[in-house]
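I opened this notebook to keep track of what I looked up in one structure, going from the whole chain down to pairs of side chains. The entries are meant for someone who has not seen it before.

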Amino acid sequence: MTTSRPKIRMTGTERREQLIGVGRRVFAERGVADATVEEIAAAAGVTKPVVYEHFGGKEGLYAVVVDRETRALLESIADAITEDMSPREFFERATVAELHYISTRPDGFRVLIRDAPSWHSTGPLSSLMSDLATQIETYLARVMRRREIDERFAPIYAQMFVGMVALTGDWWLEHGHEFTAEEIAAHMVNLGWNGLTGLEASPRLETTAIDATAPPRGNSSLVTRLDDAADGVPPADA
């Protein structure tokens, strides 16, 4: 006759941490909208009231997971950079730090990149990207001042840089397993830094302006009109 092993009783703090870890995994796999308190409790080996006792429900647990992951990513980047770094070194270290976070906490990153449910005040990804952009905006402004470029546009470039890293990181996590974090970072810095060093003081669009909302005329499609514009062919009604 076999006897079952007695369950190890957790302290309140240990149980809370366990539920946060389980919730992170379930939210990453199922999405917060489809995840339920029942499956979170079952995965943790507890009853539903235990989840409600610690977090008040799914919403409370989700908020804690998002806060934990946001702080983990921001702290990893803050630890990788210093005020006296050159802008190039800053971009390299910040990019590698974010990719390292993605590779070591994939479930957390998946939670952050999902759309927030209607009862969450702000989307976790948009809030996170705003925080990251604020961190690098000062460095971009410094580079732009040295190149006599209007630093008022620094927030725009900061948002573009952060978006590039976040979306490329998402692709890397799902499809780019053959590449290392250092390889991905090197190519992102290659694009971002070389683009930054070649910034024009007063950039202008060089292609012919086309009203993309206008319906195509005759047998021509919007794609044909765009192709013609790229080849320097004037519109038929010009």
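The entries below go through the fold, one helix, the helix packing and then the salt bridges.

**Entry 1, the chain as a whole.** I noted at the outset that this is a predicted model, and I kept that in mind throughout. I counted the elements and found ten helices and zero strands in the chain, so that line of the notebook reads simply α-α-α-α-α-α-α-α-α-α from the N terminus on. I then looked up burial and found that buried residues make up 35% of the 238 residues. For the contacts with a separation of 6 or more, I recorded that 65% are accounted for by residues 24 or more positions apart.

**Entry 2, helix α1.** I turned to helix α1, which covers residues 12-30 and has 19 residues. From its first C-alpha to its last, helix α1 reaches 26 Å, which is close to the 27 Å expected at 1.5 Å a residue. Which residues of α1 are buried? I listed R15, L19, I20, G21, V22, G23, V26, F27 and A28, and I wrote beside them that what covers these buried residues includes α2, α3, α4 and α6. Just after α1, I came to G31, which takes a positive phi of about 85°.

**Entry 3, α1 against α4.** Since α4 is among the elements covering the buried residues of α1, I looked at how these two helices meet. The axes of α1 and α4 come within 9 Å and cross at roughly 90°, which makes α1 roughly perpendicular to α4. On the α1 side I found R16, E17, L19, I20, G23, R24 and F27, and they meet K58, L61, Y62, V64, V65, R68 and E69 in α4. Of these, L19, I20, G23 and F27 had also appeared among the buried residues of α1.

**Entry 4, two further helix pairs.** I next took α2 and α3, whose axes come within 8 Å and cross at roughly 100°, and which are therefore roughly perpendicular to each other. The residues that meet here are V37, E38, I40 and A41 in α2 and K48, V51 and Y52 in α3. I then took α6 and helix α8, the latter covering residues 154-175, and found that they pack at an angle of about 130° with their axes 11 Å apart. That makes α6 oblique to α8, and I noted that their crossing is left-handed. P106, F109, R110 and I113 in α6 meet A166, G169, D170, L173 and E174 in α8.

**Entry 5, salt bridges.** I reminded myself that side chains of opposite charge can pair when their charged atoms come close. How many salt bridges does the structure hold? I found twelve, and I followed three of them in detail.

The first I looked up joins K48 to E38, with the closest N and O atoms 3.1 Å apart. This pair links distant parts of the chain, with K48 in helix α3 (residues 48-55) and E38 in helix α2 (residues 37-44), ten residues apart. Both residues had already come up where α2 and α3 meet. K48 counts as partly exposed at 33% relative accessibility, and E38 is also partly exposed, with a relative accessible area of 44%.

The next is between E69 and R105, whose side chains meet at 2.7 Å, N to O. E69 lies in helix α4 (residues 58-80) and R105 in the loop between α5 (87-104) and α6 (106-113), so the pair ties together parts that are 36 residues apart in sequence. Is E69 buried or exposed? I found E69 buried, with a relative accessible area of 0%, whereas R105 counts as partly exposed at 31%. I added that R24, E69 and R105 are linked in a network of salt bridges, and that R24 and E69 are both listed where α1 meets α4.

The last pair I followed is R93 with E89, where the closest N and O atoms are 3.0 Å apart. R93 and E89 both lie in helix α5, four residues apart, which is about one turn of the helix. R93 counts as partly exposed at 40% relative accessibility, and E89 counts as partly exposed at 31%.

Terms used. Residues are numbered from 1 along each chain as its sequence is written. This is a predicted model: local features need pLDDT of at least 70, side-chain atom pairs count only at pLDDT 80 or more; totals for chains, interfaces and linings use all residues. Side-chain values use heavy atoms; hydrogens and water are left out. A salt bridge is a side-chain nitrogen of Lys or Arg within 4 Å of a carboxyl oxygen of Asp or Glu. Buried means under 20% relative accessible area, exposed over 50%, partly exposed in between (1.4 Å probe, protein chains only). The expected span of a helix is 1.5 Å times one less than its number of residues. Contact means heavy atoms within 4.5 Å. Axes are lines fitted to C-alpha atoms, for helices over the stretch in contact, and angles run from 0 to 180 degrees between N-to-C directions. Angles under 35 degrees count as roughly parallel, over 145 as roughly antiparallel, 65 to 115 as roughly perpendicular and the rest as oblique. A crossing is left-handed if the near helix is turned anticlockwise from the far one by less than a right angle, and right-handed if clockwise.
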